[in-house]
Amino acid sequence: MKLNRFLRWGLFSLSLSAILILTAMNVYTLYEVRDTLIEGEQKKQIALLDEIALNVRRTIYRPYRGFNTLELEPIKGSLELNGQFPEQIREKLVQVAESPVFNGVYYTPADIDPCIEGSRVYELDRGSTLLSLTDNYPQILCDGVGLVRTKARIELNNFDYRWNTNTEFDAHRSMNIGFINLHENSVIGYLTAIIDQSYLIEEVIAPEIQQYFDSSKTTSVVWLHDWANDVVLATNNNKIPFEIEEVQKRVDFGRMFENWNLKIAFLDNASVKLYNATFTKNIIVLGFSAFLLLGALFYIFYTAQKERSILQQQTDFLANVTHELKTPLAVMQAAGENISDGRVSQPKRLKEYGAHIYQESVRLNKMIEMLLDVARSDYGTTLIHAKPYDLSDLVREILLQQKSLIMKKGHSLTHNLNLEYATVLVDPEHIKIILTNLIDNAIKYSVAPSIIHIELKAEKDGYNLIVKDQGIGIPRSHIKNIFKKFYRVEDSLSAKTKGHGLGLSIVQGLMQLNKGTIKVKSEKTSGSIFTCYFPKYYQDSSDSITKMSKNSNSSGSTQRNNHLSTETMV
Ligand code: ADP
C-alpha cells in the first residue's frame, strides 16, 4: 500500500517535472533560435557596411597604387631643372590626375608655405599631367599641407620611419601626401588632392549603399551621416527620417573622412518578421499544449485519488454497516429464540423481550431508511413534493414530536418561533428529516443536562431555522468535511456515539432540494449552531398557505393548493 502510494506520487511528480522541463526547454530553444537568427542577420548587414567602407577607401587610394616603390629624392632636382616631376613619377600621377574623385592636384615643395599669401605652388594639369606654378590655389591647401607637415614632423622624429610617403586627410576635403627623403630623413614636398565631395557622395558612396542595401529588398536603413554637422549625406531609404535613437550600429572609414560614418537601423526584415509570426504561434501552441497536458495530468491524478478515497470510504462503510445491521438482528434473533423455545414465559419478561425486539427493529428500519436516502440522493432520485408552508407551523409540529426524546435524554428544549407568515416552498417530509437529524446530533453530541435551542429568524429574503446546542462542538479543521458522506469526527465522544456519518450529508442534500442552504458555526467544547436558510415564498393570496394539519387531514385543501405545488426529481 505504502509502496503504491509512493509510486503514485513519484510518477506524478516525474510526469509533472517532465512536462515543465520539456516546456521550458522548448521555450528556451525557440527564443534562442530567434535571437541567433536576428543576431546572424545583423552581423551579415554589419559585414556589408564594412565592405562599403572598404570599397570607398579603395576608390580613394587606387590612383596611388605603387607610389611607395618610387624613388622620390630626384623630385627636387628635376623641379629645379625643368619645373616638372621626373618621368616615372609623372607616369604614376596620371592616375591621380584622372581620378574623378579629385578635382585639383597640387604639389607644395617643403620650403613653401601655402598659408602665406602670394606663395606659389605647382598645379598638375589634368590633361597633360604637366606642372605649372600658380599662386591661385584653394585655401584648403593651407589646411591640408599644415596637417600633413605636422604629422610628417612627428613621424620623422621617430627616426625609424620606413616609408617614403605619409598620408593625412583633412576630413573629407583633401588628401595630403608628404614625400619623404628617407636618406636625409626630411620632407621633399607635399602632394595635395582636393576631394570632389559631391562626386564622392553621389557617384561613389550613395550607389554603394544602394547596391548593398536595396530598399526594395531590405527593411534596414543605412545613412551616410556627417556627425560634425549633423546632416545626412546619403541613404538607401529617403522615406525613413534619420533618428539617432534608431541607430543600432556605426561603421567609420578608418583614418579617412573622420566626420563621416555609416549608420544603420535594423528594422525587422522579412525572414525575422516571418519567424516572429511563427514564433508567436509556436509559443501559443506550446503554452496551450502544456496547459492541456498539465490539466489532464492533474485531472487524472485527482480523479484517481478521489476514486480511491471513495472506494476506501465504501469499504469502511460496508464493514461498518454490516456490523451495525448485525447487532440489532442478533438481539432480535436471541430474544425471538428465547421466546420460541419457551424459555421465557412470564408476562413481564415477555413484555421486556417484545420491547427489545420492537426497539431493535425500529433501529434497523431507521438505518435501512438512511441507506435508502443515501442511495436515492446518489442516484438523483429523491422526490420533492414542495408546497407553500408556514415554517413556524412545520417546526412547531416537529418539535412536539421531538420534545419527549430530548427530555428523555436529559436535555431541555427552548425555542423562539414567533414569526408571522414565514411562508416557504418546501416538502414537509424533508423539513422533518432535516430538523430531526439536527436535533438527533444535538442530543448525541451534548453531555446531559444541556439546553437545545431552536429559533426562527427573518432574513432579508428568507428565514433562518437555527439549531443551537451546548455540546462538544466540532474542531475547526473538521468543519469543512462534516457534510461529506461517511465522515465522522474521530473525537472520543463522537467515536462513542453511534452513527455512520450520513445524517448531515442527507440534510445538506435535502436543503439543496428545497432551495435552501445550511451553514455551521462551531468551536470545540463551546457547542454548535446549525443555520438552515429557506428563501421566502412570495404569493398572491395568504389563504393558499398549506397548514400542516390541514394538509394531512383535508383533501379539499390539498386540491386547492395543487397549483402551487412543485414536484421535482433530482
Ligand atoms: P453521524 O451519524 O456520525 O452523527 P452526521 O453526518 O450527522 O453523522 O455528522 C457527521 C459528524 O459531524 C459527526 O460524526 C460528528 O462528529 C459531527 N457533528 C454533527 N453534528 C454535531 C453537533 N451538533 N455537535 C458536535 N459534532 C457534531
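This is a short tour of a predicted model, going from its ligand to its disulfide and then to two spots in the backbone.

**Stop 1: the ligand**

Start by selecting the ligand and showing the protein around it. The space that the ligand takes up is the largest pocket. Helix H9 (428–444), helix H12 (503–513) and strand S17 (528–535) are the elements that each give two or more residues to the shell around the ligand, and colouring these three makes the setting easier to follow.

Next, show the side chains of the shell. There are 20 residues around the ligand, and the closest are Asn 441, Tyr 445, Asp 469, Arg 488 and Leu 504. What kinds of residue make up this shell? It divides into 9 nonpolar, 8 polar and 3 charged residues.

**Stop 2: oxygen atoms of the ligand**

Now select Lys 444, Val 489 and Gly 503 along with the ligand, and look at three distances.

- Lys 444: an N or O atom of its side chain is 3.0 Å from an oxygen atom of the ligand.
- Val 489: here a backbone N or O atom is 3.3 Å from a ligand oxygen.
- Gly 503: a polar backbone atom is 3.3 Å from an oxygen atom of the ligand.

How much of the ligand does the protein bury? Taken alone, the ligand exposes 530 Å², and the protein buries 98% of that.

**Stop 3: the disulfide**

Leave the ligand and select Cys 115 and Cys 142. Their sulfur atoms are 2.1 Å apart, and the two residues form a disulfide. A search of the whole structure finds 1 disulfide, so this is a good place to pause on what the word means: a covalent bond between the sulfur atoms of two cysteines. Turn the view to look along the S-S bond: the link of Cys 115 and Cys 142 is right-handed, with 95° about that bond.

What does the pair tie together? Cys 115 is in the loop between strand S1 (102–109) and strand S2 (121–124), while Cys 142 belongs to helix H4 (residues 140–157), so the link joins parts that are 27 residues apart in sequence.

**Stop 4: two backbone spots**

Select Ala 448 and Pro 449. The peptide bond joining them is cis, with omega about -5°. Pro 449 is in the loop between H9 and strand S14 (451–458).

Finally, go to Asn 185, in the loop between strand S5 (174–181) and strand S6 (186–195). Asn 185 is not a glycine, yet its phi is positive, at about 55°.

Definitions and conventions:
Residues numbered from 1 in each chain as written. Predicted model: local features only at pLDDT ≥ 70, side-chain atom pairs only at ≥ 80, totals over all residues. Heavy atoms only, no water. Near = heavy atom within 4 Å. Polar contact = N/O pair within 3.5 Å; in protein donor to acceptor, adjacent residues only side chain to side chain. Areas by Shrake-Rupley, 256 points an atom, 1.4 Å probe, with all protein chains shown as cover. 1 Å grid on protein atoms, 1.4 Å probe; cavity = no way out; pocket = protein on both sides within 12 Å on 5 of 7 lines; lining within 4 Å. Sits in = over half its atoms within 2 Å of the grid points. Helix = DSSP H or I, 4+ residues; strand = E, 2+ residues; numbered from the N terminus. Nonpolar A, V, L, I, M, F, W, Y, C, P; charged D, E, K, R; others polar. Disulfide = S-S within 2.5 Å.
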